[in-house]
Amino acid sequence: MLHSPIMHHVVVTGRLDVIDTSGRRETYGTGTRANFTIRLHRRDVALRIAINPQLAIGEAYKNGDLTLEGGSVYDFLFFMANNLTKSGPSPFMKAREVCRFLFRRFTQRNVVWRSRSNVVHHYDLTAEFYDLFLDEDKQYSCAYFAQPSDDLETAQRRKKQHLAAKLCLRPGLKVLDVGSGWGGLALHLAQEADVIVNGLTLSTEQYQVAVGRAAKAGMSDRVKFALRDYRDEGGEYDRIVSVGMFEHVGVPFFGSYFQMISDRLSGNGVALVHTIGRTDGPGVTNPFIRKYIFPGGYIPAISEVMPAIERAGLVVTDIEVLRLHYAKTLRVWRERFCQNWGRAAELYNEEFCRMWEYYLAASEVAFRCMGLVVWQIQLAKNQETVPLTRDYITDFDRELEAR
């Protein structure tokens, strides 16, 4: 069992049993009964886990080379994450992370053509597939659970309202939506505040759905979408919003991203960036997520973001931290996805479904106990552009909810 040193280091609470292809059982941790039992179905899986557990465990689960007995993949990952929080990384794990950190700029060289390829990899899956687990508006970002009883549809509506409140919208303003997805936010802003919205996406699937939705709503004259990279956009806008897109920019292009916002934003404009962030300082992207889910993606630390904002000449007027909102969002997505597993397998295959389940489960665990949060960063050029207190956000939320 070549992965034994790592597992013996990590598992300090509870017990994990591993059964190899010969039937031999090895125990990690303590306890009379195993919390989880892993069964390996290929002889080389143990070696791959020993070399690169963050990639190999997910890869083996996806391929069917590793199966779990006595719990779901989410339960297992939560168990391992809690143990890692207590044990800390081993010297070998630390050394591997240092190597990844040194090469992270290479893996995040998201020039225009590579950004387009990265988007196609994930977002050009069929719209029907995303219907299996997203809300009716196809919001593929963190929802806002203002009340514990909120369902996903309510929480996603509240998220859009919360963003609209921070944008300080007025009828007739021109809004740029960077990373507009399937068009739900752009349509919401235009409907609620009578503004003009231009949306940018690199996904052909999302573009086609968004254009169709605008036409169906009779709003094609006020809500337009373009297949365009953010670096190629021109013109001036009163408001700029970007939700769930900054995670795809990459460290080498943080400066370009915020400079684009500065160049496109009017003197009295307001911008709002909604992004996942890490609370434990600069790091690297999980290798399984980078290889199979979000190539070129990176979740930033706030210490990496602020210098780029400052260099672009922008003023931070508000930062809100949404802590467990994304964990709740991901749990609903995972539950809905598993309920629709059969249809997803028809669209793709069983291996794809295991990969997607692992991605959703690992992401939820990361938000619950591995230091991931969501930031909503409000920006302006003039510090007098937005009100001096945050009461206007709450007032706007309540007004829309009452309406």
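Select Phe129 first. In this predicted model, phenylalanine 129 is in contact with Phe337, Ala344, Leu347, Tyr348, Phe352 and Trp356, its neighbours within four places in sequence being left aside. Show the side chains of these residues together with Phe129.

Now widen the selection to the core around it. Phe129 belongs to the largest nonpolar core, which has 74 residues. Along with Leu16, Tyr140 and Trp356, Phe129 touches the most other members. Which helix gives the most to this core? Helix α17, residues 350-369, does so with 11 residues. Another core lies apart from this one; it has 31 residues, including Tyr230, Met245, Phe246 and Leu379.

Next, select α17 on its own. Is this helix mostly covered or mostly open? It is mostly covered, with 14 of its 20 residues buried. Put a distance between its end C-alpha atoms: they are 28 Å apart. That agrees with the expected span, because 20 residues at 1.5 Å a residue should also cover 28 Å. In an α-helix there are 3.6 residues a turn, so residues three or four places apart point the same way.

Look at both ends of α17. At the N-terminal end, asparagine 349 acts as the cap: a side-chain oxygen of Asn349 sits 3.1 Å from the backbone nitrogen of glutamate 351. After the helix comes glycine 371, which has a positive phi, near 85°.

Move to the sheet. Colour four strands in the order β2-β1-β3-β4; they form an open sheet with mixed pairing. Which strands stand at the edges? They are β2 (25-29) and β4 (66-69), and each has a single partner strand, so one side of each has no neighbour in the sheet. On average, neighbouring strands here are turned by 20° against each other, direction ignored.

Within the sheet, pick β1, residues 15-19, which pairs with β2 in the antiparallel sense over five bridges. Aspartate 17 can serve as a marker, since threonine 27 in β2 stands opposite it.

Finish with two loop residues. Lysine 138 is in the loop between α8 (127-131) and α9 (152-167). Its phi is positive, about 60°, although Lys138 is not a glycine. Is Lys138 buried or exposed? Its relative accessible area is 11%, so it is buried.

The other residue is cysteine 168, in the loop between α9 and β5 (174-178). Cys168 is also not a glycine, yet it has a positive phi of about 50°. With a relative accessible area of 19%, Cys168 counts as buried, because the cut-off is under 20%.

Key. Residues are numbered from 1 along each chain as its sequence is written. This is a predicted model: local features need pLDDT of at least 70, side-chain atom pairs count only at pLDDT 80 or more; totals for chains, interfaces and linings use all residues. Side-chain values use heavy atoms; hydrogens and water are left out. A nonpolar core is a set of buried Ala, Val, Leu, Ile, Met, Phe, Trp, Tyr and Cys residues joined through side-chain atoms within 4.5 Å. Buried means under 20% relative accessible area, exposed over 50%, partly exposed in between (1.4 Å probe, protein chains only). Contact means heavy atoms within 4.5 Å. The expected span of a helix is 1.5 Å times one less than its number of residues. A polar contact is a pair of N or O atoms within 3.5 Å; within protein, one must be able to donate a hydrogen and the other to accept it, and residues adjacent in sequence count only if both atoms are side-chain atoms. Two strands pair if DSSP finds at least two bridges between them. Axes are lines fitted to C-alpha atoms, for helices over the stretch in contact, and angles run from 0 to 180 degrees between N-to-C directions.
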